[in-house]
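This report describes selected features of a single structure, beginning with its aromatic contacts and moving on to a helix and a sheet.

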Amino acid sequence: MTSFWDKYQETLRQHKSLLCIGLDSDINKMPSALAKEDNPQWIFNREIIDATYNQVACYKPNLAFYLATGEKGMKALYQTIAHVPSHIPVLLDCKVGDIGNTMSSYMKAFFQDMGVDAITVNPLMGKDVFKPCFDYPGKMIFLLALTSNPSAIDYLKLNSLFQNIAHDIALLDHTKVGAVVGATQSQDLKLMRKIMPDSLFLIPGIGAQGGNLADVMRDAIKDKTDPRILINSSRNIIFADDSSDFAEKANGAAEELRAEIQCYL
């Protein structure tokens with residue numbers, strides 16, 4: 001089994017890409033051309049993947065959008081995961097964070113049954129949350145450290161909690177544990193990289209949320225030869241167009257962002 005870390009390194013080399021495409025496939029935003037499909041989420045994802053796989057370093061389906069459509073949505077999610085080319089890592093955005101048998105059951109579901117390569121984890125209940133993750137060799141978790149939403153100031157920035165989380169991440173194996181660091185937190189990107197010099201950052205917030213790519217590429221990368229980041233973009237790519245050409249337009253948006261990122265390197 002190839003690890004998430006090795007897949008990340010391979011797609012960086014093969015595709016010259018740090019782009020993570022978020023498959024936030026909201027059923028309410030499906031292109032009108034798919035209205036008659038029995039399972040439009042699956043058809044949509046299949047076409048997006050087929051059009052963009054040469055541009056990406058990772059795909060990141062968001063669990064919520066599949067749970068929201070019930071049995072069909074979960075079927076679409078399983079089909080989507082299976083359809084991603086084997087050399088490209090799949091990161092499930094689920095933000096789970098519990099302890100004991102509950103967390104172990106999440107890990108079994110996501111890593112063993114679904115077969116994803118990585119997940120996002122909420123660490124606020126303490127270190128017991130991520131211990132079960134280490135029972136699955138080659139898999140990776142991304143701990144929420146400093147998220148891109150405006151209300152991150154309510155808790156993560158209160159008494160510098162985000163820095164405490166970052167210091168703990170820095171002590172863990174960087175091939176097994178990464179950090180979610182929002183692009184919108186531009187004033188703290190340099191600090192987060194200083195605290196976690198070796199960690200892989202999953203960076204949401206570029207595009208619809210208003211994060212600045214130049215700030216990220218200046219302050220969040222480890223260095224230009226070994227950047228250690230994944231830049232996520234969801235809506236701006238997958239919903240770039242509502243016509244029957246939606247996949248082609250998604251490919252164009254993905255290539256544009258991939259090339260823009262590459263220019264900084």
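F44, F239 and F246 are linked into a cluster by ring pairs. The model in which they occur is predicted. Searching the whole structure gives 7 aromatic pairs. Two of these pairs are set out below.

| Pair | Centre to centre | Angle between planes | Geometry |
|---|---|---|---|
| F4 and F142 | 5.6 Å | 70° | edge-to-face |
| W5 and Y8 | 5.7 Å | 45° | tilted |

F4 belongs to helix α1 and F142 to strand β5, so this pair ties together parts that are 138 residues apart in sequence. Both rings of the pair, F4 and F142, belong to buried residues. W5 and Y8, in contrast, both lie in helix α1, 3 residues apart, or about one turn of the helix. W5 and Y8 are likewise both buried.

**Helix α1**

Helix α1 covers residues 4–15, and its 12 residues should span 16 Å at 1.5 Å a residue; the end C-alpha atoms are 16 Å apart, which agrees with that expectation. The buried residues of α1 are F4, W5, K7, Y8, T11, L12 and H15. They are on the same side of α1, because the arc they cover around the axis is only 165°. Among the elements covering these buried residues are strands β2 (58–61), β3 (91–96), β4 (118–121), β5 (140–146) and β8 (229–233), together with helix α10 (246–263). Just after α1, K16 adopts a positive phi of about 50°.

**The sheet**

Which order do the strands of the open sheet take? The 8 strands run β2-β1-β8-β7-β6-β5-β4-β3, and their pairing is parallel. β2 and β3 stand at the edges with a single partner strand each, so one side of each has no neighbour in the sheet. From one strand to the next, the twist averages 30°.

Strand β1, residues 19–23, pairs with β8 in the parallel sense over 3 bridges. Within this pairing, I21 stands opposite S233 of β8. Helix α2 (residues 40–52) packs on the sheet and touches β1 and β2. The direction of α2 makes about 170° with that of β1.

**Links between the parts**

Several elements appear in more than one of these descriptions. Strand β5 contains F142, the ring partner of F4 in α1, and β5 is also among the elements that cover the buried residues of α1. Strand β8 is another of the covering elements, and β8 pairs with β1 in the sheet. The edge strands β2 and β3 are included in the cover of α1 as well.

Terms used. Residues numbered from 1 in each chain as written. Predicted model: local features only at pLDDT ≥ 70, side-chain atom pairs only at ≥ 80, totals over all residues. Heavy atoms only, no water. Helix = DSSP H or I, 4+ residues; strand = E, 2+ residues; numbered from the N terminus. Expected span 1.5 Å × (residues − 1). Buried < 20%, exposed > 50% of the residue type's maximum accessible area, 1.4 Å probe, protein only. Arc of directions from axis to C-beta. Contact = heavy atoms within 4.5 Å. Pairing = 2+ DSSP bridges. Axes fitted to C-alpha atoms, helices over the stretch in contact; angles between N-to-C directions. Phe/Tyr/Trp six-rings, centres within 6.5 Å; stacked < 30°, edge-to-face > 60°.
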